[in-house]
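Below are my notes on the structure you sent over. They are set out as numbered points, to be read with the model open.

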Amino acid sequence: MRAPCIAAVAVLLASPALAQDTDPLAWFNGRWCTEAGKPEQTCEVWGPALGGVKVGTSQTVHDGKSRTIELVTIAVDGPKAQVNVFVNGRAPIPFTETAREPLGMTFENPANSYPQRIHYWRVGDVIHVKIMKIDGSALDQWSYRLQQDR
């Protein structure tokens, strides 16, 4: 009788719903890429939060050459997620969570020149991103598709 109980507990512990309790961005895990076949493609890879911190990398390749590399850390263990974006080895740019949805999150830093707001949200196997100034101007947006070759 104990074995089925242990198996049931193991299934519950592995469930995505429980993972989201400890990692509010569990829906973000995986390898995501913009459309292939264009002169430029960006891919982001996100793993689960470990020790309260989620780590992601982003690489943009333009005409076969690596143009931008980012390391992003998201501390998810506090009341609001705290983000640090390191672009091409430079000092981190901090952002603070300002809104959360079941499959989306917004981060802001009004002191940063651009972007000042970053909004991610997932619809099916696509992550959408909008970056802009706090007032909504200078809007840029793109989408990443979940890759199955992880």
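1. Trp27 and Phe28 are both buried in this predicted model. Their rings form a stacked aromatic pair, with 5.2 Å from centre to centre and 20° between the planes. The structure holds 3 aromatic pairs. Ring pairs also bring in Trp46 and Tyr120, which together with Trp27 and Phe28 make up a cluster.

2. Phe28 and Tyr120 come up again in the nonpolar core. The largest such core has 23 residues, and those with the most contacts inside it are Phe28, Ile74, Phe107, Tyr120 and Ile127. Two or more residues of this core come from each of strand 4 (65-75), strand 5, strand 7, strand 8, strand 9 and strand 10 (140-146).

3. Which residues does Ile127 contact, leaving aside its neighbours within four places in sequence? The list includes Trp27 and Phe28 from the stacked pair, and Tyr120 from the ring cluster. Ile127 is also in contact with Trp32, Trp121, Arg122, Trp142, Ser143 and Tyr144.

4. On the overall layout, the protein has 2 helices and 10 strands. Read from the N terminus, the order of elements is α-α-β-β-β-β-β-β-β-β-β-β. The 10 strands form a closed barrel in the order 1-2-3-4-5-6-7-8-9-10, with antiparallel pairing. On average, neighbouring strands of this sheet are turned by 25° against each other, direction ignored.

5. Two totals for the protein may be useful. Of its 150 residues, 33% are buried. Among contacts between residues at least 6 apart in sequence, 25% join residues at least 24 apart.

6. The structure holds 1 disulfide. Cys33 and Cys43 form this link, and their sulfur atoms are 2.0 Å apart. The link is right-handed, with 115° about the S-S bond. Cys33 lies in strand 1 (residues 30-33) and Cys43 in strand 2 (residues 40-46), so the disulfide ties together parts that are 10 residues apart in sequence. A disulfide is a covalent bond between the sulfur atoms of two cysteines.

7. Are the two cysteines buried or exposed? Cys33 has a relative accessible area of 4% and is buried. Cys43 is buried as well, because its relative accessible area of 14% is under the 20% cut-off.

8. Val83 is found in strand 5 (residues 82-87). This residue is buried, with a relative accessible area of 6%. Apart from residues up to four places away in sequence, Val83 touches Val72, Thr73, Ile74, Ile93, Pro94, Phe95 and Phe107. Two of these contacts, Ile74 and Phe107, are named among the core residues with the most contacts. Val83 and Phe107 are 24 residues apart in sequence, yet their C-alpha atoms are 7.7 Å apart in space.

9. Strand 5 pairs with strand 6 (residues 93-101) in the antiparallel sense over 4 bridges. Within this pairing, Val85 stands opposite Ile93 of strand 6. The hairpin of strand 5 and strand 6 has 5 residues between the strands, and Asn88 in this hairpin takes a positive phi near 50°.

10. What joins strand 6 to strand 7? The connection is a hairpin through 2 residues. These strands pair in the antiparallel sense over 5 bridges. Ala99 has Thr106 in strand 7 as its bridge partner.

11. Strand 8 (residues 117-123) and strand 9 (residues 126-132) pair in the antiparallel sense over 7 bridges. In this pairing, Arg117 stands opposite Met132 in strand 9. Both strands give two or more residues to the largest nonpolar core.

12. The last point concerns a loop residue. Ser113 is found in the loop between strand 7 (104-108) and strand 8. Is Ser113 buried or exposed? Ser113 counts as exposed because its relative accessibility is 55%, and the cut-off for exposed is over 50%. Ser113 and Lys133 are 20 residues apart in sequence and 8.0 Å apart in space, C-alpha to C-alpha.

Methods
Residues are numbered from 1 along each chain as its sequence is written. This is a predicted model: local features need pLDDT of at least 70, side-chain atom pairs count only at pLDDT 80 or more; totals for chains, interfaces and linings use all residues. Side-chain values use heavy atoms; hydrogens and water are left out. Two strands pair if DSSP finds at least two bridges between them. Axes are lines fitted to C-alpha atoms, for helices over the stretch in contact, and angles run from 0 to 180 degrees between N-to-C directions. Rings of Phe, Tyr and Trp (its six-membered ring) pair if their centres lie within 6.5 Å; planes under 30 degrees apart count as stacked, over 60 as edge-to-face and the rest as tilted. Buried means under 20% relative accessible area, exposed over 50%, partly exposed in between (1.4 Å probe, protein chains only). Contact means heavy atoms within 4.5 Å. A disulfide is a pair of cysteine sulfur atoms within 2.5 Å. A nonpolar core is a set of buried Ala, Val, Leu, Ile, Met, Phe, Trp, Tyr and Cys residues joined through side-chain atoms within 4.5 Å.
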